Structures are given as C-alpha cells and as structure tokens.
Amino acid sequence: MGCGSAKPTQHNQNHKLQLKKSMRSALLIQRWYRQYVARLEMRRRCTWNIFQSIEYAGQQDQIKLYNFFGFLMDHFTPASSERNLISHIFRENEVFQDVEWEPYFCYKSIEVPDTYAGPHLTFPLTVSNITELVEAFKHKEQLHARFVLQLLGETWRLLRVLPNITEVSTCHSKEITICGDLHGHLEDLLLVFYKNGLPSVETPYVFNGDFVDRGKDSIEILLILFAFQLVYPNDVHLNRGNHEDHIVNLRYGFTKEVLGKYRLHGKKILKLLQKIFSWLPLATVIDQKVLILHGGISDTTDLKLIAKLERNRYVSALRPPKCRQAVKSKGPGGQYSDGEGDRYSAAGRRRVRSLTHSNPATARHELQRRSLQAYSIRTSPNVEEELRERRRWAGLSASYERIHDPISSDSDPDSGEVLETDAEEWKQIVDMLWSDPMLQDGCIPNEVRGGGCYWGPDVTQEVLNRHNLCLLIRSHECKQDGYEFCHNRKVLTIFSASNYYEVGSNRGAYIRLGPDLNPHVVQYQASRSTRELTLRQSVGRTERSALRALREQLFAHKSDLISAFEEYDPEHTGVISMERWAVATETVLHLGLPWRVLRSQLVGCSTQEGMINYNDWFRELALMDPNKELAHTGLLETMYRHHSNLETIFRIIDTDHSGLISFEEFRQTWKLLSSHLKMEISDKAISDLALSIDFNKDGSIDINEFMEAFRLVDCSHAQILDSINEGLTPDLQQPTSPS
C-alpha cells in the first residue's frame, strides 16, 4: 500500500518539472519574439525617417527654387532674358475676369472619332455615366479630351458658387466618410469605394486634398471626384491641398502625366485645372464641431477671415497674388471687388517677400533644414551687389544691368501697375495647406517643409475653443498606419494612399464619422502582393528601397562629402573614424538621420577597428552613371544632385508643353540653375552636354529622354537577390538603385 502511493507522487513531480521547463521555454520564445519584433520596428521607423527626410528636403528645394524665381521677377528688368523665361508662371497668379477663361472651356470644336471605344459622357451627368467612367479607368481606358474639357467646365461653374468653408451635417441614418491624401493612387480610391460604397446621398464623402502628383493616375482620380461632385453636390465635398498648385505639379509629376496622356489638348487641360484648383474650398466643418482641412492651423488661424477671403486669387499658394488695378474679380460670395477699392487699396496692404512666420520667437533645434522665409532675399542697400553677383554666376550680358526699384514695378507690363497682396489672407492659406502638428507647445516656422508652421497642443486647444470646435481632422503627412492621433486626441491625421513611399511602406485609411462625432478609422492595404508578405519580408523590401534612395543622395553629394571628410583627415590618409564620418555626413546632407545606426547598412568592408576608408566606401556604394562618355563635362554630379530642380526649370521653359527645348533654351536652363546655385558652369560644358544627348541630331532635346538618361543605375546584383530572397536574410538587405 505504501509503495503504491509513492508512484503518483513521483509522476506529479515529473509533470511539474516538465511543466516548468515548458513554461521556461515559452518565456524564452516570447522574449526572443518580442526582441525580434522590436528590432523590426526599429528598422521600420529608421526606414520611415529616411523616406520622410528625403521627401521634405525635396519640398524645401522646390520652395527655394520658386523663391529664387520670385527674386528674379521682383528685381530683374522686364526685358531681361532670364526673367522672360519664367514670367509666364507668375502671370497665373494675376486676377483675370471670368470671360478671359471662357475660351479655355470650349470643347465643341473637338471631335470624337468613331474609333474611340472609351466612355461617353452626357450632361447633366447621371450615376450610370460615373459608373461607366469608373469601370473604364479600372481597365486603364482613357476619357476623350472633349469629355474631359466638358467635365472640367461644369466643375468650374459649380465650384465658383461654393463657399470657402463648406458646412456639412450628419443625421442619425448616415455617416460621413473622410479620405486623406490619394496622390494619384487610383487603386486606393477604388478600394475605398469597394469597402465603403460609392458616393451617394446615403454615403457622403469629404476628400481632404492632395488628389494629384507622385502617383500615375492623378487625372483619373480628379475626373472621378469631379463627376461625383457634379451629381451629388450636397454629398461630395473636396478640400484643396498643397499639391493642388500648378507650381508644385511641375516637380511632382502631374504636369508630366497630363501632357503624356493628352498630347494634343494637355496644355488647355492644365490651364483649366489651375483655375479649378484655385476655386476648391479650403475647409469643411461637420455639425459645427469638427474642422477638416488639409495641412493645419497656426496661432493666428481665423475661420471668419478665411470664410471671407477670395480664394480664387491664390492660384499658387507659394507666392502672394498680383492684382491688375483695372481688373474686377468675382469672389466666392458673388461680390465684385475693384483693384482700386478699399479691400485691395495699397494703403491697406504691404508687399510680402517670404512665406509666413518669418520672425519666430523660438527655434526648433532638431529641425536641420531652413524654411523659405529664411532664404528670402533681403531688400537692403546691398541688393544691387546681390544682383550683380547672381548675374556674374549666370554669365549674363551686361546689357541687362538696369535694376528695378525694389518697391516699384510701374514699368512692368507682366505684373500690372500696382502690386498688392494681403499678407494676412495669404498667411492663413499657407498655414492651412502646409502646416504640421508638433508635440511641444507653441507655433514656429515649418523649417523642414519650408512653408507653413509647426503648431503645438496649446494652439490646437486655443483655436478649437475660440471657434467652439471639438476635433481637427487633417491630412498632409504620410503615416505608417494610415492615421495618427495627437494633441490629446484633438487632432487626427488621415492618409489614404497606401504604399506611398514603397510597396509595403504604409497602410491607407479613411474615417467614418457619425452623429456622435466619434471617428471610426478603417485601414487597408491596396497591394495584394504586400498582403501576402511576412512582416520581415515587408520591412526588408521597404528598407532596401529607402537605403537605395539614401545612397543616391550620398552619391550626388560625393564632392562635398569628400571635402568634409578631408577636414578630419589633414594628412590625407583616406581614413577617418566612424564618429567623424557620421558627423561629416550629417553636416553635408542635413537630413537629421541616425547615421551611426545606419552605418551597418551603408558601410561594409571599408571599415576596420572603428575607422573607415572613405575612398573605398564610395566605391562600395555600387552606383555608377549610365553616361560615362559625358563625364568630361563636369556636370554629372550637379545633374544628379539637382535632378528635380533641373526638370522643373525645363518644364517651365517649355511653354508650349511640347516636351522639346532648343539648344539655346537648354543653355538658358543651365544658366538659370547656375545662378540659383551660385556656381559657374562654362558654355563649353553645357554645349558638349547638349550635343552628346541630341540623339537624332535635330537641334532639340527631348526633356523626358534627357532626364531618364541621367538616372543612377546599380552596378551590383542586388536587384537579382531581391527577387530571389525577398527579405529572407539580413545579409541580403543591401540597397539597390533603379535602372
């Protein structure tokens, strides 16, 4: 009996021991998994910082370049050659009578050929028309230019009667859906419609700007949204974003897209869209409690002032509008304003020379890049010396040395007899389109983007309280999860373009808002291939893309980096410490990135015992240019570094939007860029470059071919590894460059 009772006890002890081992194993596995996920999250956040830093640096370059153009317009004579090259983009900001725009909306002379198999629109539009249109775009069909112009004309007429701030109400039977940035991602818009339903009386929508640029289907998104708004004007609402701006479109792809899809009538379509963008409402308010706008607010945001201003005057928010004294314009409320009236009197206005928030009381130390206002040209006694210096860099003729009085432009036929701006109105619009929230209290210049401001929780609370609001919904910033709350959940950022930086980089999201005004966020991923990837594969793919973009930045700044490295290497040994490598790299690129964390991904065999051979390191970047025969021109590094700026200038100079520029225009483009960069480029170097890329020897240069000829390519085999081992091992996560 006694022996028999001992067996169960031994069995229980063994069971407890086994259970203890199992629990210990489970804890070890759990700890390992948590560390594994934490490492992936760290890599994901680091990747995100790379993408965002490069994106914002590009936006600042865009604004700096436009500010330089504004400098030329304000100070160079009307007859000067470089001023004539760019003056037409500033004429877009003048106020014209509506009758002057009517010819651009004429579509009746455009015939639709019998061979056209795409959708046919009849006006007034019906739901079946839109359904046909959506299906056609889903299958990559194109809407004929006649119907595009007709649709844009009807949209323009509707937008003109809408207020600056749209008032929307919920009811107990429906929710309002709010979408953020789409940026030409048609697949995201179609997925939202699939999940949430097409816009209708029962399913109202607010689309919060940035419909265009970056993606390949921007014009299709616009046409779908405009069509729905025409059919459901009380249930589909569109807010303007900072990319609904013809100057921004020159750099980020929308201009190129329209001209590529509508070669014959693209110029007219773009002209109409400039006008339409200026008439888009600036904000939407739901139930008098929820404010929806694209960018954000500032400590001076005044919705009463915003509701009264003439939004159509701001064709581009990057520069204050110029008014012709004799021209009358019709505001959103139907009132006409005279250029000589009290509202636009010179006594009540001052000339603005920079974007908003030019005299901040505080500085944000972590912001490495300067805002546009910091780069604005000072109107001081030294302005003539500045102009002479810029002309010397550009190699311009001495015959154009006469400079305008910086305050008066009476003799300028392009800008009119009186240059007037309303500083406060312009500041309000720039802040609404360009600003971002920050964690700290206060309101300071947005020194990363170069426009608008950063505002803190105290500003949010003050503005909401002053206008009796409870929530601010905005977009403008890509978020990894498609949305983000901040400022004690009083600010909600929504971003609807999934895979924005790279496939798998982020989710998209939209908001459902019912009568209780409690936002319900719906997330999605438009790419089926991304949904099939594991977390490690998804992070690996995105990381490689980010590192590829970063390596291109490093390659484009090679000369400056070598100079910075040599300051720490006075004996020219070619070797510096990793710490000094990180400091020098940040000093040159100003991206605010954790270079020491990134060194394992960017620096390989060229390191030994905490030291780096920087000459070997540049060879390890595995980047080369596809035009080695052009290396003698000395322009390659400038070409790579200022690729986007150069393309922007090309497209500005290409006034007929033909995609072709002459040798002389090509020379003037480089001279304009050299003046902007304050660097000397010889005529011979420019001539050699032009001759080498005139492939068919017809004396003209195709802009698209030229830009493609100077894209960086990868001389490694990492792209093959990507396709075989998609994120399977860390060792294979080396960046590649696009071919």
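What follows is a conversation about how some features of this predicted model earn their names.

Reader: Happy to look at this with you! What makes up the chain as a whole?

Author: Welcome! The chain has 26 helices and 23 strands. Of its 739 residues, 57% count as buried. The accessible surface comes to about 32500 Å², and 50% of that belongs to carbon and sulfur atoms.

Reader: Let's start with Thr177. Why is Thr177 called buried?

Author: Buried means under 20% relative accessible area. Thr177 has 2% relative accessibility, so it counts as buried. This residue is found in strand β2. Leaving aside residues up to four places away in sequence, Thr177 touches Asn196, Pro204, Tyr205, Val206, Tyr510, Ile511 and Arg512.

Reader: What makes the pair Thr177 and Asn196 a polar contact?

Author: A polar contact needs a pair of N or O atoms within 3.5 Å, one able to donate a hydrogen and the other to accept it. The side chains of Thr177 and Asn196 are joined by such a contact, at 2.8 Å.

Reader: Strand β2 must have company. Which strands form its sheet, and in what order?

Author: The order is β4-β3-β2-β15-β16, an open sheet of five strands with mixed pairing. Because β4 (236–238) and β16 (520–524) each have a single partner strand, they stand at the edges, and one side of each is left without a neighbour in the sheet. On average, neighbouring strands here are turned by 20 degrees against each other, direction ignored.

Reader: Which helices pack on this sheet?

Author: Helix α5 (residues 186–196) packs on it, touching β2, β3 (205–207), β15 and β16. The direction of α5 makes about 125 degrees with that of β16. Helix α6 (residues 218–231) also packs on the sheet, touching β3 and β4, and its direction makes about 130 degrees with that of β4.

Reader: How do you know that β2 and β15 pair?

Author: Two strands pair if there are at least two bridges between them. Strand β2 (residues 176–179) is joined to strand β15 (residues 508–513) by four bridges, and the two run antiparallel. Within this pair, Ile176 stands opposite Leu513 in β15.

Reader: And in the loop between α6 and β4, why is Asp235 called buried?

Author: The cut-off for buried is under 20%. Asp235 has a relative accessible area of 9%, so it is buried. Beyond residues up to four places away in sequence, Asp235 touches Lys174, Ser200, Val201, Pro204 and Tyr205.

Reader: What makes Asp299 partly exposed?

Author: Partly exposed lies between buried, under 20%, and exposed, over 50%. Asp299 has 41% relative accessibility and therefore counts as partly exposed. Its place is in the loop between β6 (290–292) and α10 (303–308). Asp299 and Cys443 are 144 residues apart in sequence and 6.4 Å apart in space, C-alpha to C-alpha.

Reader: Where does Cys443 stand in its strand pair?

Author: Cys443 stands opposite Trp455 in β11. Strands β10 and β11 (residues 453–455) pair in the antiparallel sense over three bridges. They belong to an open sheet of three strands, in the order β9-β11-β10. In that sheet β9 (436–437) and β10 (443–445) are at the edges, each with a single partner strand, so one side of each has no neighbour in the sheet.

Reader: How do you know that the span of helix α18 is close to the expected one?

Author: The expected span is 1.5 Å times one less than the number of residues. Helix α18 (residues 578–589) has 12 residues and reaches 16 Å from its first C-alpha to its last, close to the 16 Å expected. Its buried residues include Trp581, Thr585 and Leu589. Just after α18, His590 takes a positive phi of about 55 degrees.

Reader: Which of the two, His476 or His572, is buried, and which is exposed?

Author: His476 has 6% relative accessibility, so it counts as buried. His572 has a relative accessible area of 59%, over the 50% cut-off, and is therefore exposed. His476 has a positive phi of about 75 degrees although it is not a glycine. For His572, also not a glycine, the positive phi is about 55 degrees.

Reader: One last item: why is the bond from Phe123 to Pro124 called cis?

Author: The omega of that peptide bond is near 0 degrees, and the bond is cis. Pro124 has its place in the loop between α2 (81–91) and α3 (127–138).

Definitions and conventions: Residues are numbered from 1 along each chain as its sequence is written. This is a predicted model: local features need pLDDT of at least 70, side-chain atom pairs count only at pLDDT 80 or more; totals for chains, interfaces and linings use all residues. Side-chain values use heavy atoms; hydrogens and water are left out. Axes are lines fitted to C-alpha atoms, for helices over the stretch in contact, and angles run from 0 to 180 degrees between N-to-C directions. Contact means heavy atoms within 4.5 Å. Buried means under 20% relative accessible area, exposed over 50%, partly exposed in between (1.4 Å probe, protein chains only). Accessible areas come from the Shrake-Rupley method with a 1.4 Å probe; for residues, only the protein chains shown count as cover.
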